[in-house]
Amino acid sequence: IKPTELRNTPIVPYLLLCMMHAWRMNEMAAGLLFLLSRPTIIVTHLLLVVFGGGGGVGVHGFSISSSSSSSSVSVSSISSSSLRSVWKHRWNDHQRKGDVVCLRAAPKEALGDIVIPSIDKLDEPDPRVWVPQTDCVSFRPLCLCVSQGYYVNLLRFRNNIDIDSDSDGNSKSILTLGCHRHSSPVHAYTIKGDWGYLEHDWHASDGTYVFEPPGETHTLVVDADCDEMVGLFHVTGSLLYCNPDNHDDVIGFDDVFTKLEKAKAWYKECGLGEDYVQQFVR
């Protein structure tokens with residue numbers, strides 16, 4: 001190491017690099033000898049820090065090598081502030097908006113993180129976060145990604161209508177989301193309740209994960225004896241509502257933009273404010 005570079009070399013990274021050198025040689029004793037053989041460098045560094053005023057501004061490219069080994073440790077342009085940003089989380093860069101914490105650990109041009117705690121705890125303090133979609137279906141937006149055309153939401157069904165039993169006395173299934181076709185894949189995770197698709201024989205319950213391939217047309221159903229069903233759905237692209245008797249007859253659609261507009265309208269109506277939804281938009 002050159003003495004002219006010691007002024008801007010922090011003592012702690014220097015010592016750590018010495019230990020790294022010893023580790024790579026697999027000889028702690030060799031590392032200790034390496035340090036003891038260079039007391040002049042360490043003392044000179046301390047004198048420069050105390051009397052030179054530099055105080056360890058940064059490491060400006062240096063290497064450590066030993067005649068007893070060909071291994072070396074190189075560091076290039078590592079500033080003290082960079083080290084601190086790694087060692088200590090920068091809480092002052094956090095922005096808290098409602099129930100969502102946006103972390104700013106990425107470059108400023110990057111989209112902010114979305115962190116919503118305890119989405120599986122359904123007794124949220126403010127029920128207004130749920131956007132009504134039909135008489136028995138509502139959704140809670142988690143991420144409305146307009147930049148990539150997908151949305152992630154909690155879909156909730158609550159049985160608030162009377163359902164008759166069939167001729168055998170069995171409760172009938174309730175159609176909760178009309179016949180629809182997906183242009184892109186869907187990922188679903190069941191938080192609570194029992195549900196399935198009229199066109200499939202599988203049945204989802206608490207903890208069930210479901211992958212729905214692009215191009216599938218189906219009808220979501222919930223058992224009549226299920227008081228509440230809640231699932232997380234990651235939907236990419238458009239959801240096309242179809243005539244159940246003719247799937248080529250498209251009668252409506254939903255996508256991230258219709259979800260956004262529904263959420264904006266509801267949050268304005270319920271008093272949270274239209275801009276409440278912006279914390280979920282990316």
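## Close-up views of a predicted model

**Figure 1. G178 and its contacts.** G178 touches H218, T219 and Y241, not counting residues up to four places away in sequence. The model shown here is predicted. G178 lies in strand 10. Its relative accessible area is 38%, so G178 counts as partly exposed. L220 sits 42 residues away from G178 in sequence. In space, the C-alpha atoms of G178 and L220 are 6.8 Å apart.

**Figure 2. H180, a buried histidine in strand 10.** Strand 10 covers residues 173-182, and H180 is part of this strand. Is H180 buried or exposed? H180 is buried, because its relative accessible area is 1% and the cut-off for buried is under 20%. Two polar links appear in this view. The H180 side chain reaches the backbone oxygen of G178 at 2.7 Å. The side chains of H180 and H182 are joined by a polar contact of 3.3 Å. Other contacts of H180 come from further along the chain, beyond four places in sequence. They include Y197, E216, T217, H218 and L220. L239, L240, Y241 and C242 also contact H180.

**Figure 3. An aromatic cluster with W195.** Four residues form one aromatic cluster: W195, Y197, W202 and F233. The count for the model comes to 6 aromatic pairs. One of them joins W195 and Y197, edge-to-face, with 5.3 Å centre to centre and 90 degrees between the planes. W195 also pairs edge-to-face with W202. Here the ring centres are 5.6 Å apart, and the planes meet at 85 degrees. How are W195 and Y197 placed, buried or exposed? Both W195 and Y197 are buried. For W195 the relative accessibility is 1%, so W195 counts as buried. W202 has a relative accessible area of 29%, so W202 is partly exposed.

**Figure 4. Charged side chains over rings.** Two views show a charge over an aromatic face. R156 lies over the face of W130, at 4.1 Å from the ring centre. Which ring has K259 over its face? K259 lies over F139, and the distance to the ring centre is 3.8 Å.

**Figure 5. V277, after helix 5.** Helix 5 spans 256-270, and V277 belongs to the segment that follows. The relative accessibility of V277 is 0%, so V277 counts as buried. Which residues touch V277, apart from neighbours within four places in sequence? The contacts are L144, L260, A263, K264 and Y267. K262 is 15 residues from V277 along the chain. Their C-alpha atoms are separated by 9.9 Å.

**Figure 6. The largest nonpolar core.** In soluble globular proteins, nonpolar side chains tend to be buried together. In this model, the largest nonpolar core holds 44 residues. Which of them touch the most other members? The answer is L144, W195, L220, F233 and Y267. Several elements give two or more residues to this core. Among them are strand 8 (137-145), strand 9 (150-158), strand 11 (186-192) and strand 12 (195-197). Strand 14 (217-223), strand 15 (228-236), strand 16 (239-243) and helix 5 contribute in this way too. Some names return from earlier views. W195 and F233 also belong to the aromatic cluster. L144 and Y267 also contact V277. L220 is also a contact of H180.

Definitions and conventions: Residues numbered from 1 in each chain as written. Predicted model: local features only at pLDDT ≥ 70, side-chain atom pairs only at ≥ 80, totals over all residues. Heavy atoms only, no water. Phe/Tyr/Trp six-rings, centres within 6.5 Å; stacked < 30°, edge-to-face > 60°. Buried < 20%, exposed > 50% of the residue type's maximum accessible area, 1.4 Å probe, protein only. Lys NZ or Arg CZ within 6 Å of the ring centre and 35° of its normal. Helix = DSSP H or I, 4+ residues; strand = E, 2+ residues; numbered from the N terminus. Polar contact = N/O pair within 3.5 Å; in protein donor to acceptor, adjacent residues only side chain to side chain. Contact = heavy atoms within 4.5 Å. Core = buried A, V, L, I, M, F, W, Y, C linked by side-chain atoms within 4.5 Å.
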